[in-house]
Amino acid sequence: MNNVKFFGILFIASALADPLPNRAKLRGVSIMHEPYLQMKDGKMAGFAVDLMDKISNKANFDYELYVTPDGSYGTPINGNASGMVGEVMHKKADFAVADLTVTEARKRVVDFTEPFIVNHLAAIIKKSDASNLHTLEDLVKFNEGKTSDQQIGYGALSVGATMNALSKTTDPIGKSMYEWIQANPKGSIRTYAKGLDRVRQGKYAMIVESSAAEFITASDCDLKTLHDNHGIYDREYAIAVQKGSPYLAKFNNAIRNLKQDGTIKELQKTYWNSKCEQV
């Protein structure tokens with residue numbers, strides 16, 4: 001990638017310093033969120049950039065990438081959308097690549113490729129609190145029959161897809177989690193940073209998506225991921241393109257090939273690989 005230029009409030013990054021002739025040039029939008037996108041040595045870097053480099057080579061196009069001006073993912077409301085989804089919907093961008101979740105509301109205004117990552121529910125907890133705890137079910141059962149001062153509290157972002165999914169699940173463990181959080185409203189948190197602070201203070205677990213949990217616990221060896229062994233819900237990350245985009249098939253073919261040859265798994269290992277001793 002060439003050097004990133006500061007252009008108004010947008011960071012622009014070209015996939016190739018010298019675009020090849022007779023190749024389409026697409027404009028993509030993303031959002032600053034590690035490990036998908038960050039600035040490194042004055043350049044855009046991260047899983048999303050590496051993924052797009054692989055896709056563009058497979059699909060024979062060049063691209064440039066910019067950061068969504070309002071810093072949001074975007075949720076359609078009354079037929080309109082902001083954030084990355086809005087940039088694609090309003091044809092300011094040909095595609096959006098990030099940890100962007102496929103939802104029915106978003107599918108009404110943009111098209112999505114095949115997913116490149118499937119997320120599950122998980123929790124982040126201090127290793128010192130997680131003796132014999134490995135799953136969300138273990139956490140729920142640990143609290144049964146214990147007094148409040150003996151329990152390990154837990155919660156999720158007060159407004160977000162995780163709480164929404166828990167509120168609708170019919171899975172008994174998922175329902176128990178939602179009911180516990182509702183009965184203990186102090187468990188809910190407003191930001192990831194505040195949630196992690198509570199986790200590090202002890203006796204608290206933050207419910208998040210598995211890829212987020214694995215990334216955080218890979219870099220903080222005092223923390224551990226508790227996985228969902230009930231399939232409470234799956235969330236797919238995919239690339240958004242304009243409705244009826246002629247490039248959708250090319251994106252899909254490239255993603256399929258990158259899955260089949262193991263490239264995407266290798267990219268995930270690069271960014272999610274933990275050097276911590278597992279407990």
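This report covers the overall build of the protein chain, three backbone details and one annotated span.

**Overall build**

The model is predicted. Its protein chain holds 10 helices and 15 strands. The radius of gyration is 20 Å, close to the 19 Å that the globule rule gives for 279 residues, so the chain is as compact as a globular protein of that length. Along the principal axes, the C-alpha atoms fill a box of roughly 70 × 45 × 40 Å.

Burial comes next. Of the 279 residues, 49% count as buried. Contacts can be read by sequence separation. Among those with a separation of 6 or more, 73% are between residues 24 or more positions apart.

**Surface and charge**

The protein chain exposes about 13,800 Å². Carbon and sulfur atoms supply 49% of that area. Charged side chains number 34 positive and 32 negative. The centres of the two sets lie 3 Å apart.

**Backbone details**

Glu34 and Pro35 are joined by a cis peptide bond, with omega at about 0°. Pro35 sits in the loop between strand S3 (24-30) and strand S4 (38-40).

Two residues have a positive phi although neither is a glycine: Asp41 and Lys91. Asp41 lies in the loop that runs between S4 and strand S5 (43-45). Lys91 is in the loop between helix H2 (83-89) and strand S7 (95-96). Are these residues buried or exposed? Asp41 is exposed, because its relative accessible area of 73% is over the 50% cut-off. Lys91 is exposed too, because its value of 61% is also over 50%.

| Residue | Phi | Relative accessible area |
|---|---|---|
| Asp41 | about 55° | 73% |
| Lys91 | about 65° | 61% |

**Annotated span**

UniProt lists residues 35-90 as "domain: Ionotropic glutamate receptor L-glutamate and glycine-binding", in an unreviewed entry. In the model, the end C-alpha atoms of residues 35-90 lie 27 Å apart. The span is 36% helix and 23% strand. Its listed start is residue 35, and Pro35 is the proline of the cis peptide bond with Glu34. Its listed end is residue 90. Lys91, with its positive phi of about 65°, belongs to the loop after helix H2 (83-89) and before strand S7 (95-96).

Methods
Residues are numbered from 1 along each chain as its sequence is written. This is a predicted model: local features need pLDDT of at least 70, side-chain atom pairs count only at pLDDT 80 or more; totals for chains, interfaces and linings use all residues. Side-chain values use heavy atoms; hydrogens and water are left out. Helices (H or I, at least four residues) and strands (E, at least two) are DSSP runs, numbered from the N terminus. The radius of gyration is taken over C-alpha atoms; the globule rule is 2.2 Å times the number of residues to the power 0.38. Buried means under 20% relative accessible area, exposed over 50%, partly exposed in between (1.4 Å probe, protein chains only). Contact means heavy atoms within 4.5 Å. Accessible areas come from the Shrake-Rupley method with a 1.4 Å probe; for residues, only the protein chains shown count as cover. Lys and Arg count as positive and Asp and Glu as negative; His and the chain ends are not counted. The place of a charge is taken as NZ of Lys, CZ of Arg, CG of Asp or CD of Glu. UniProt positions are given in the numbering used here, feature names are shortened, and annotations may be inferred rather than shown by experiment.
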